[in-house]
Amino acid sequence: TLRLRISVAAMFHSLVSRMLRQGFSVTVLPSTLDEECYADEMRKADIVLLPYDVEKYLGRGSGVVVDAVAAGCGLLYTQGMGNSEVLNHGNARAFREIKEIPKALDELIMGNFWAKPVAEARKALEALYAESARILETRI
């Protein structure tokens with residue numbers, strides 16, 4: 001059984017209800033968590049839902065994406081946001097509209113995201129941070 005831990009706004013309650021009817025264990029989190037609780041929930045999650053405003057995250061990524069990849073989670077995210085380096089390994093699926101989330105979830109699960117894709121995304125994340133560290137060192 002997959003555990004889907006998500007932070008949802010009111011418009012997502014019908015999606016959560018549908019997932020519960022399909023047998024998923026869904027935990028709705030408050031919008032603000034302290035650091036320890038956040039880390040604990042990320043470790044427990046299998047899939048993280050990221051319904052971001054693309055205009056705000058187009059040119060930059062999200063720290064939640066980085067945390068989810070590091071924790072080995074699959075991701076469902078709004079198409080067009082940053083972090084493509086760690087979202088294109090089969091570990092994530094994009095959606096444009098809320099109504100596309102169930103299909104994206106099915107595709108993510110059917111693609112066995114927790115196997116090889118998650119490991120490849122982690123390697124990409126490590127390489128990205130190693131390159132950033134190298135660049136910073138040359139500037140200091």
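**Notes on strand 4 and the nonpolar cores**

1. Strand 4 (residues 74-78) is a good place to begin: five of its five residues are buried, so this strand is largely enclosed by the rest of the structure. Please keep in mind that the model is predicted.

2. The side chains of this strand are worth a look. Gly74, Leu76 and Thr78 point one way, Leu75 and Tyr77 point the other way, and all are buried. In a regular strand, side chains alternate between the two faces of the sheet.

3. Strand 4 has partners to show as well. Strand 3 (residues 47-50) runs parallel to strand 4, joined by four bridges, and Ile47 stands opposite Gly74. Strand 5 (residues 92-95) also pairs with strand 4 in the parallel sense, over four bridges; here Arg93 is the bridge partner of Leu76.

4. Next, the packing. The largest nonpolar core has 20 residues, and Val48, Leu50, Val65, Val69 and Leu75 touch the most other members. Strand 3, helix 4 (63-70), strand 4, helix 5 (84-87) and helix 7 (116-139) each supply at least two residues of this core. Helix 4 gives the largest share, four residues.

5. For a closer view, try Val65: leaving aside residues up to four places away in sequence, Val65 touches Leu50, Leu75, Met81, Asn83, Val86 and Leu87. Another core, of 16 residues, lies apart from the largest one, and includes Phe95, Ala104, Leu105 and Phe113.

6. Last, the cysteines. The structure holds zero disulfides. Cys73 counts as buried, at 1% relative accessibility, while Cys37 is partly exposed, with a relative accessible area of 28%.

Methods:
Residues numbered from 1 in each chain as written. Predicted model: local features only at pLDDT ≥ 70, side-chain atom pairs only at ≥ 80, totals over all residues. Heavy atoms only, no water. Disulfide = S-S within 2.5 Å. Buried < 20%, exposed > 50% of the residue type's maximum accessible area, 1.4 Å probe, protein only. Pairing = 2+ DSSP bridges. Core = buried A, V, L, I, M, F, W, Y, C linked by side-chain atoms within 4.5 Å. Contact = heavy atoms within 4.5 Å.
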